[in-house]
Every structure is written in C-alpha cells, then in structure tokens.
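Hi everyone, thanks for coming. I'd like to walk you through one structure today, so please have a look at it on the screen.

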Amino acid sequence: MWIAPGMLKFAVFGTVLAGLAFMFSSSILLQILACAIYGNWWPMLSALMYVVVPMPCMFFGGGSTQFLTSRDGGGWIDAAKFLTGASTVGSLAIPIILRHAHMIETGAMLIEFTSFFIFICTVMCFHRASLDDDW
C-alpha cells in the first residue's frame with residue numbers, strides 16, 4: 001500500500017501531539033492524586049506554577065520556545081528567561097516549603113516531584129518538536 005508523503009507527516013504530527021497530550025495529562029493526574037491520596041489540597045498550589053511557566057514564552061517570546069536556548073539578549077528576552085527560570089524554581093520550591101512546614105506528607109511531595117519531572121519532559125519534547133521546520 002502506497003502512502004502519500006503528506007499523509008505520513010500528518011500521521012507523525014498526530015502521534016507526537018497525542019504523546020504530548022498523554023504526558024501532560026499524566027502530569028496533571030499525578031498532581032491531583034498527590035492531593036487526593038493524602039486528603040490535603042495544599043500541593044495543588046504548585047499547579048498554579050504550571051500555568052505561570054509558559055506565560056513568559058507567550059508574552060515575550062511570541063509563543064515560541066526557541067528564544068530560551070538562544071544567546072540573543074535584550075530587555076524583554078532576558079526578562080522572559082528570568083521569569084521562566086523563576087517560575088520553574090518555584091514549581092520545585094513550593095512542595096519543599098510545604099513539606100518543611102509540615103503541611104503535606106513526604107509521599108505527596110515525591111508525587112509532586114514526579115509530576116514536575118513529567119511536565120518538564122513534556123515541555124522539552126514540545127520544544128524539540130517545535131524546532132522541526134516541517135510543522
């Protein structure tokens with residue numbers, strides 16, 4: 001059976017998009033499970049950072065993640081890099097601070113870290129996929 005080149009690109013695009021959606025959904029599911037298993041909804045505070053992390057890319061980078069790895073500078077580009085880094089560190093710091101204050105259990109913190117790791121892998125896969133010119 002012969003497959004047209006355009007259809008093959010569409011199939012690869014669909015597969016990558018489905019994989020990214022599955023990874024992001026798994027991250028959010030772990031976020032909710034960290035709260036529901038231990039009956040404490042304080043870990044959901046770090047989910048707010050998941051909303052904050054892509055904002056600098058959308059506002060200052062034109063919706064692209066390519067400026068994060070470039071050496072180009074400028075006021076707004078540097079501000080976007082700083083805000084992305086600060087919100088990423090905040091995503092890790094919130095569960096640590098909550099655990100230190102004995103507001104969440106150690107298991108919830110570990111589930112939060114796993115959720116964050118999957119989320120970061122999703123962002124890195126999206127960045128890699130967006131570098132391809134075929135999209």
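**The core, the rings and the surface**

Let me begin with the inside: the largest nonpolar core consists of six residues, namely M49, I94, L98, I104, A108 and M109. Two helices each supply at least two residues of this core, helix 4 (75–100) and helix 5 (106–131). Before I go further, please keep in mind that this is a predicted model.

Let me stay with M49 for a moment. Which residues does M49 contact, once neighbours within four places in sequence are left aside? The list is S87, G90, S91 and I94, and I94 is itself a member of the core we just met.

Now a step back to the overall layout. The protein chain has five helices and zero strands, so you can read its elements from the N terminus as α-α-α-α-α; by the definition used here, helices are DSSP runs of at least four residues. Of the 135 residues in the protein chain, 26% count as buried. If we take the contacts with a separation of 6 or more, 62% of them are between residues 24 or more positions apart.

On to the aromatic rings. How many aromatic pairs does a search of the whole structure find? The search finds two. One of them is F24 with F119, a tilted pair at 6.0 Å centre to centre, with 50° between the planes. This pair links distant parts of the chain, since F24 sits in helix 1 and F119 in helix 5, 95 residues apart. Are these two rings buried or exposed? F24 counts as partly exposed, because its relative accessibility is 38%, whereas F119 counts as buried, because its value is 6%.

The other pair is Y50 with F119, and here the rings are stacked: 4.4 Å centre to centre and 10° between the planes. Again distant parts of the chain are linked, with Y50 in helix 2 (residues 47–52) and F119 in helix 5, 69 residues apart. Y50 has a relative accessibility of 8%, so Y50 counts as buried. Put together, F24, Y50 and F119 form one aromatic cluster.

Next to F119 in sequence we have I118, which also lies in helix 5. What does I118 touch, leaving aside neighbours within four places in sequence? I118 is in contact with M23, S27 and L30. For a C-alpha view, take I118 and S26: they are 92 residues apart in sequence and 7.6 Å apart in space.

Let's move outside. The accessible surface of the protein chain comes to about 8,700 Å², and 74% of that belongs to carbon and sulfur atoms. There is a nonpolar surface patch of about 370 Å², made by L29, L33, I37 and Y38. L29 has its place in helix 1 (residues 5–38).

My last stop is D72, in the loop between helix 3 (55–60) and helix 4. Is D72 buried or exposed? D72 counts as exposed, because its relative accessible area is 57%. D72 still touches I77 and K81, not counting residues up to four places away in sequence.

That's my tour, and I'm happy to go back to any part of it.

Conventions:
Residues numbered from 1 in each chain as written. Predicted model: local features only at pLDDT ≥ 70, side-chain atom pairs only at ≥ 80, totals over all residues. Heavy atoms only, no water. Patch = residues over 30% accessible without salt bridge, like charges linked within 9 Å, V, L, I, M, F, W, Y side chains within 5 Å. Areas by Shrake-Rupley, 256 points an atom, 1.4 Å probe, with all protein chains shown as cover. Salt bridge = Lys/Arg side-chain N within 4 Å of Asp/Glu carboxyl O. Core = buried A, V, L, I, M, F, W, Y, C linked by side-chain atoms within 4.5 Å. Buried < 20%, exposed > 50% of the residue type's maximum accessible area, 1.4 Å probe, protein only. Contact = heavy atoms within 4.5 Å. Phe/Tyr/Trp six-rings, centres within 6.5 Å; stacked < 30°, edge-to-face > 60°.
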